[in-house]
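Student: I am new to this structure and would be grateful for a guided reading of it. May we proceed by question and answer?

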Amino acid sequence: MNKYIKNDKLGEGYYRIEHPSGLTILLYPMKEYSSAFTMLSVKFGAVDTNFEIEGKKYQVPMGTAHFLEHKALSSNNEDGFAVMSAYGADANAFTSMEKTAFYYSCAHHAQECLEAMLKQIQLCNYTEESIDREREIISQEIKMSEDECDWLCYQNLLKAMYHDPVISAEIAGSISEINKIKDSTLKLCHKYFYNPHNMMLVSAGSINCDNIVKIVDKTFKKTDFTPVKRIYSKEPKNIKYNYTKTSQTLSAPIFSIGFKMYSQKSDNIKNVIIDEMLLEIIAGDATEFYKYMYDEGLINSTFSGDTYNCRGLSALVFEGESRNPEKVRDLICKRVEYLQQNGIDEEEFYGYVKSSYGKYLSVFSSAEAIVNALLFFEKTGGCIYDVPEILSHITVKDAEERLENCISADNTVLSVINLKQEEE
């Protein structure tokens, strides 16, 4: 089924195509745009380690999705990335908690790049020798990530916040886990997850929609699809523990503060928008509270906030450098309690609503941003054009209720990495 979804105010629209192969295609032509950004998203991420197929349960090592990402475009001794690069494309891939994505941007030879990617992604002919080589490469990646202090601090936060080890595990896995990955592991996951029914092709920019569909017609044939039932542990509402620290050689202590939210509806678009507003309301750089912490020397320009969303779970996270991270945590908790007791200033709130609308409009100036937004809204069952309507109906009461019902100082975790000499 082909559908054209139009936004009259923007004067733009995009195509949503259900291809006979089972692949969902989203195409967003952009006038006066000279290049294209294309992504093939596979619904197979780091959290997908336990699943059931036709009544049989499987458990694969943590890091399997990331390992398969490394091998997916290098079957039969051919390198899909090298082919795309030869055509002048900037191509890469990544694995997140919930998906694996392969993407490229280019100004020319878009059709050749797409065909190379789609052909290679369907192959699964890996030798044990090539798997062993990749294992060594990924092992080096894992070792290098252990020295990335910001990432380590964040991972320690997740380990303290969530009881399920799959949620807080490294996306690449551990060396002991990836040593368990065999040829049969990759073939199993490729067969059932790298199926067109479990993929989405999204492209935006200077694109020829008819040609893209023709390439998919040529490379993707109708295939049988066996549904995969993902098995996830039920995550308790409470945190695992509220404080974790370690030490590294670095210039200043760093911290991550996380509020594990009681609500498990992070995929709700309205809640996602409100959570992003709450980051700004609590400790955004336009608040007097932020200015106070900055002037007191408790934080510096590295301070930032972000949301965590995975598997229906959500959290608000604040990160940065500080000589006194415990005080920063205490002040942010007091700030939250103040807002819960006294409410959110209505005028300031609607200023954040207006700012959110501006951020939303900025998405449409970037092909890459549009592709990522289309994927996000497809995942949530919505449309990229839903945001203005949602924003028009969000009230200060909505934000206050989410702040009151979903956030508590008792469900807060502080992760700290101190200077190594201070711990000795």
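Student: In what order do the strands of the seven-stranded open sheet follow one another?
Tutor: The model under discussion is a predicted one. Its open sheet of seven strands has mixed pairing, and the order is β1-β2-β3-β9-β4-β8-β7.

Student: Which strands stand at the edges of that sheet?
Tutor: An edge strand here has a single partner strand, so one of its sides is left without a neighbour in the sheet. From one strand to the next, the twist averages 15°. The strands at the edges are β1 (2-7) and β7 (90-95).

Student: Which residue in β9 is the bridge partner of threonine 24?
Tutor: Strand β3 (residues 24-29) and strand β9 (residues 199-205) are paired in the parallel sense, over six bridges. Within β9, the partner of threonine 24 is methionine 200.

Student: At what angle to β7 does α1 run?
Tutor: Helix α1 spans residues 64-71. The helix lies across β7 and β8 (100-106), and its angle to β7 is about 160°.

Student: How is α1 oriented relative to α8?
Tutor: In general, two packed helices are described by the angle between their axes and the distance between the axes. The axes of α1 and helix α8 (residues 183-193) come within 10 Å and cross at roughly 85°. That crossing makes the orientation of α1 to α8 roughly perpendicular.

Student: How do the residues of the contact of α1 with α8 divide into nonpolar, polar and charged?
Tutor: On the α1 side, the residues are Thr64, Phe67, Leu68 and Lys71. They meet Thr185, Leu186, Cys189 and His190 in α8. The division is four nonpolar, three polar and one charged.

Student: Which side chains of β5 point to one face and are buried?
Tutor: The side chains alternate along strand β5 (residues 50-53). Asn50 and Glu52 point to one face and are not buried, while the buried pair on the other face is Phe51 and Ile53.

Student: Which residue in the turn between β5 and β6 has a positive phi?
Tutor: Strand β5 pairs with strand β6 (residues 56-59) in the antiparallel sense over four bridges, and isoleucine 53 has lysine 56 as its bridge partner in β6. The two strands form a hairpin with two residues between them. The turn residue with a positive phi, of about 50°, is glutamate 54.

Student: What is the bridge partner of phenylalanine 51 in β10?
Tutor: β5 also pairs with strand β10 (residues 229-230), in the antiparallel sense over two bridges. In β10, the partner of phenylalanine 51 is arginine 230.

Student: Is serine 168 buried or exposed?
Tutor: Serine 168 has its place in helix α6 (residues 165-168). Leaving aside neighbours within four places in sequence, its contacts are Gln155, Leu158 and Lys159. Its relative accessible area is 5%, and because buried means under 20%, serine 168 is buried.

Student: What is the order of the strands in the open sheet of five?
Tutor: In this sheet the pairing is mixed, and the twist averages 20° from one strand to the next. β11 (243-248) and β13 (304-310) each have a single partner strand, so they stand at the edges. The order is β11-β15-β12-β14-β13.

Student: How many residues of β15 are buried?
Tutor: β15 is joined to β11 by six bridges, in parallel, and to strand β12 (residues 254-260) by six bridges, antiparallel. Glutamine 248 has leucine 419 of β15 as its bridge partner, and isoleucine 254 stands opposite isoleucine 417. Strand β15 (residues 412-419) is mostly covered, and the buried residues number eight of eight.

Student: At about what angle to β14 does helix α10 run?
Tutor: β13 and strand β14 (residues 313-321) pair in the antiparallel sense over seven bridges, with glycine 305 opposite phenylalanine 318. Helix α10 (residues 269-283) lies across both strands, and its angle to β14 is about 35°.

Student: How many disulfides does a search of the whole structure find?
Tutor: The sulfur of cysteine 406 is 16 Å from the closest cysteine sulfur, in cysteine 333, which is too far for a bond. Cysteine 406 is buried, at 8% relative accessible area, and cysteine 310 also counts as buried, at 1% relative accessibility. The number of disulfides found in the whole structure is zero.

Key
Residues numbered from 1 in each chain as written. Predicted model: local features only at pLDDT ≥ 70, side-chain atom pairs only at ≥ 80, totals over all residues. Heavy atoms only, no water. Disulfide = S-S within 2.5 Å. Buried < 20%, exposed > 50% of the residue type's maximum accessible area, 1.4 Å probe, protein only. Axes fitted to C-alpha atoms, helices over the stretch in contact; angles between N-to-C directions. Parallel < 35°, antiparallel > 145°, perpendicular 65-115°, else oblique. Contact = heavy atoms within 4.5 Å. Nonpolar A, V, L, I, M, F, W, Y, C, P; charged D, E, K, R; others polar. Pairing = 2+ DSSP bridges.
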